[in-house]
Amino acid sequence: MMRGMSNPFTSDPHAAAQTDAAQSACVPAAGALPVPALPGLDSERIATLSRLCNPIWIFDIDASRVHWANEAALGVWRSPSLAELTTRDLGKDMSESVARRLRQYQLDFASSDARFSELWTLYPRGIPRTMRVMFSGIRLDDGRVAMLCEALGEQQADPETLRSAEALLHTPVMITLYDQRGVALYRNPAARHDVASASSMLQQHFADASEGAGFVNALRSDGSALQLCRVNSAAGERWHRISARRCRDAVSGHEAWLFSEIDVSDLKRVEAHANYLAMHDSLTGLPNRHFIERTFRERIDELRPTGKQATLIFIDLDNFKKINDSLGHTAGDQLLLVMAGRLREAVGGNDLVARLGGDEFMMFASSDDAATTAHVLCQRLLKIIAQPLKLGHHEVTVTASMGVALYPRDSNDLGALMRQADLAMYSAKDAGGGTLAFYCESMLAKAQSRLTLEIELQRALDRREFVLHYQPRHDVITDRVVGVEALVRWNHPQRGLVAPVEFIPACEETGLIVPLGEQVLMQAVDCLARWQRSGIVATVAVNLSPRQFSNSALIASLRRAIDTSGCDPTGLELEITESVLLGNDAATLKLVHDLRALGCGVTVDDFGTGYSNLAYLQRIPLTCLKVDRSFVAQAAPTRPLAEVIIALGHMLGLRVVAEGVETEEQLQWLRTTSCDEFQGFLRAPALTAAELERYITGHAPA
Ligand code: C2E
Ligand code: CA
Ligand code: CA
C-alpha cells in the first residue's frame, strides 16, 4: 500500500511540478478553491497589487508572455524592468504538455473561477527556482482570461520529488486518483485533458455502465483490475486500456483507487480494419472464405437447437475465364463487382453471401424447408445473373452453375456441406452450365473414382505404363505406307490395354497430360529415329493436347527429344485440334512458327468438327489437314463436305489425309478425289511397333 510513502498525486507540500520551459511556466498539483467572481484588471487593482510585498505577476496565456509584474516579481524573474520582462517569449521553450495544461486552466478559470496553489519551478534566465505559487483567473481589459500568479515563498524540494512530478506531468499515461465514491481527487494533465469536465465522476467514465460496475467490483474484490474498455472522453467515445489498483489517499488516509489508462483507440481501429480485411474480399467487399468458415459455422450451430434447415449454394460463373481473357482483367473485375452486387441484393435479411475467390460465390439461407428455399432462390439467382450487363462497350450475358447442399439432409458439418455443394456445382457445369444441381451421393462416388484414377495415372507415369501403338497411313493412289500416327495406350497391370478416351480427359484436367505428352514424344521420336535409319517409315505423327500446346516448355522439350534420339525432325508431324488454333492468336502463330523452324510438320486434326471460322488457315503455316472420320463415314455416293474439305486443303497448299477409312467403297471414293493419304481399319488399326514393322515389311505396295 501507499501509506507512508511520498505520494505525488496529492497536494502534499513535497509534491512539486517543474517545467522544462527555459524561463518559466506554471505547473499545478492541487485541488481548486472556488472564489466568487473572476476579477477584472483596472488601474486601481494594479495599484493595489503593486503595493503588495509578495512577487505578483499576470501571465497572458494566449501570448505566452508576462503581461504585468510588481517590483518583487521583477526580482524573481531577474528582470531590470517591466518593459524588458514583457518582451520575453515564455512560450518559446514551453513543452506541449505545459501549454496544453495552461489552456485547460484558462477554460477552468473562465467556467468556474478556480484558484490553485502549487509548487512551481521557474527558470528565470535559465536558473531553476522552486516556489509555492497561488494562481487564479483574471480578466484583461480586452476581456481575455489571463492568470494572476502570487509567489508565496521559496521551497526546497529534493531532486527525486521534482523529477517524479515532472514525469507525471509529461507522461501520456492518464493517471487519476478516485475516492470510493468515484470522485476524482487528482488527475495528471493527460487525464484532465481527456475528460470533458474536471468534476466528472468515475461512474461517468465508462461508456457501458454495467462494464464499469463490473470493473469496480473486480477492483474491490481483487485489489486490482485490468481491462480494455470503451470510455467517454472529451473527444467522444474511445477505447482505453485501464489498469487500476486499490491504494490509500495520502491526504485523508482513506481507501482510494489509482487508475492508469492509455488510449488504444487507434490500435483498436487498426485491429478492426485488419479484422475486416481478413474477413472480406478487397474487390467486391463481400465476406470471404475466412468469414464463411467462422460465420456460417456459427449460423449452423444456432440452427441446431431450433430444428430449422439451411441451404448452402455454391455459385460459379460460366466462361468467366473467357471474358477475362478476351475483354481484359479490368472488365473481369467489373463483371465480378456487378455479380457481387446482384447476389447481395438477392439474399434475404438474415442470409449470407460471400466470395470464395475467383468467380466463385457461396450463399447461405436458413428456412423451415431448405429444399423449397433452394429451388426458389436458385431460380431467382439464375435469372438475376443472366441479366445482360455492359462491360465497356460490350454487352455481355453471363450464366452460372450452382450446386446445392442441404442442412441437415446432406450433412450437419459445414466442411462437408461445402464440399457437397462444390461437387453438385461441378455436376451442373458438366450439364452445360446455366443450371443448378442438388448434391447426391453418386456425385461423391464419381469424384472419388476420378481421384483414384488420378492417383493411378500418376503411378502409371512413374512406372512408364504408357505405350505407343502406331496406325499406318497409306498413300491413296499407291497404297504404300507413307507414315504412321502414334496413339497412346495405357498398359494397365490388371485391366490390360486401356484406350485413350478413358484417361486423356482426366490427364488434360489434372495437367498430367504434360508429363504424359513428354513420354509419348520421347517414345515416338526414338521409334522414328530407328525407322528412319532402317528406311521402314519416314514420318510419325504425334497428337498434342491443347494443354501441351499452351505449355511454354513444349519447344524446349521437343528439341531435347529430337537431339537425344537423333531423328530427322522433318519426319515428325504434330497434330493439333482446331480449337487450339482459335485460341490466343499471336501465341499460337509463334508456336507453330517455332515448330516449323524445328523442321516439324503441323497438322490440323479432326478438321471440320470444330469451329467454322476458317481465317486462321491462311495465317498459320500448317502443313496438313486431316478430314474427320465422321465426313468419311457419310453415306455414299456423295460426301460433299469431305470433298469441300479436301479441295480447301489443296487450295491452301496442304496435304490432306482422310481418317477412319473402313470400307473398300470409301477407299474407291477417295481415289476419285484428290485426297493424298488415308488411314483406317480397312488397312490396319493402331499396331505395336513390332507389329507395325512386320506389317510394313509384309505389305505389298499396290
Ligand atoms: P485421333 O487423333 O483422331 O485418333 C484417331 C482415332 O481413331 C484413334 O483412336 C484410332 O484408333 C481411331 N481409328 C483409326 N482408324 C479408325 C477407323 O477406321 N474406324 C474407327 N472407328 N476408328 C478409327 P484412339 O487410339 O482410341 O485415340 C482416340 C483419341 O485419343 C485420338 O483421336 C486422340 O485425340 C487421342 N490421343 C491418342 N493418343 C494420344 C496422344 O498420344 N496424345 C494426345 N494428346 N492425345 C492422344
Ligand atoms: Ca490424331
Ligand atoms: Ca483425328
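Buried here means under 20% relative accessible area. All views show a predicted model.

**View 1. E659 at the calcium ion (ligand 3).** E659 has a relative accessible area of 11%, so this residue falls under the 20% cut-off and is buried. Two of the protein donors of the calcium ion (ligand 3) are OE atoms of E659. The others are an OD atom of D605 and an OD atom of D606. These donors lie 2.1 to 2.5 Å from the ion. Along the sequence, the donor residues follow the spacing D-D-x52-E.

**View 2. D605 between two calcium ions.** D605 coordinates both the calcium ion (ligand 3) and the calcium ion (ligand 2). The two ions are 3.8 Å apart. D605 belongs to strand β24, which covers residues 601-607. E659 sits in the loop between β26 (655-658) and α25 (664-672). The pair therefore ties together parts that are 54 residues apart in sequence. D605 counts as buried, because its relative accessibility is 7%.

**View 3. The surroundings of ligand 1.** How many residues surround ligand 1? There are 21. The closest are Q471, R489, D605, E662 and F681. D605 thus appears again, here beside ligand 1; D605 is also a donor to the calcium ion (ligand 3).

**View 4. Polar atoms facing ligand 1.** Three side chains are picked out in this view. For R489, a side-chain N or O atom is 2.9 Å from an oxygen atom of ligand 1. For N543, a side-chain N or O atom is 3.0 Å from an oxygen atom of the ligand. For E662, the distance is 2.5 Å, from a side-chain N or O atom to a nitrogen atom of ligand 1. Taken alone, ligand 1 exposes 790 Å². The protein buries 81% of that area.

**View 5. E237 in strand β10.** Strand β10 spans residues 236-248 and includes E237. Is E237 buried or exposed? Neither label applies: E237 is partly exposed, because its relative accessible area is 49%. Leaving out residues up to four places away in sequence, E237 touches A207, R230 and V231. With R230 there is also a polar contact of 2.7 Å between the side chains.

**View 6. E237 and T86.** This view places two residues in one frame. In sequence, E237 and T86 are 151 residues apart. In space, the C-alpha to C-alpha distance between E237 and T86 is 42 Å. T86 is not among the residues that E237 touches, which are A207, R230 and V231.

Conventions. Residues are numbered from 1 along each chain as its sequence is written. Chains are lettered from A and ligands numbered from 1 in the order in which they are written. This is a predicted model: local features need pLDDT of at least 70, side-chain atom pairs count only at pLDDT 80 or more; totals for chains, interfaces and linings use all residues. Side-chain values use heavy atoms; hydrogens and water are left out. Helices (H or I, at least four residues) and strands (E, at least two) are DSSP runs, numbered from the N terminus. Buried means under 20% relative accessible area, exposed over 50%, partly exposed in between (1.4 Å probe, protein chains only). Contact means heavy atoms within 4.5 Å. A polar contact is a pair of N or O atoms within 3.5 Å; within protein, one must be able to donate a hydrogen and the other to accept it, and residues adjacent in sequence count only if both atoms are side-chain atoms. Donors are N, O and S atoms within 2.8 Å of the metal (3.2 Å for Na, K and Ca); water is not among the atoms, so sites may look incomplete. A residue is near a molecule or strand if one of its heavy atoms lies within 4 Å of it. Accessible areas come from the Shrake-Rupley method with a 1.4 Å probe; for residues, only the protein chains shown count as cover.
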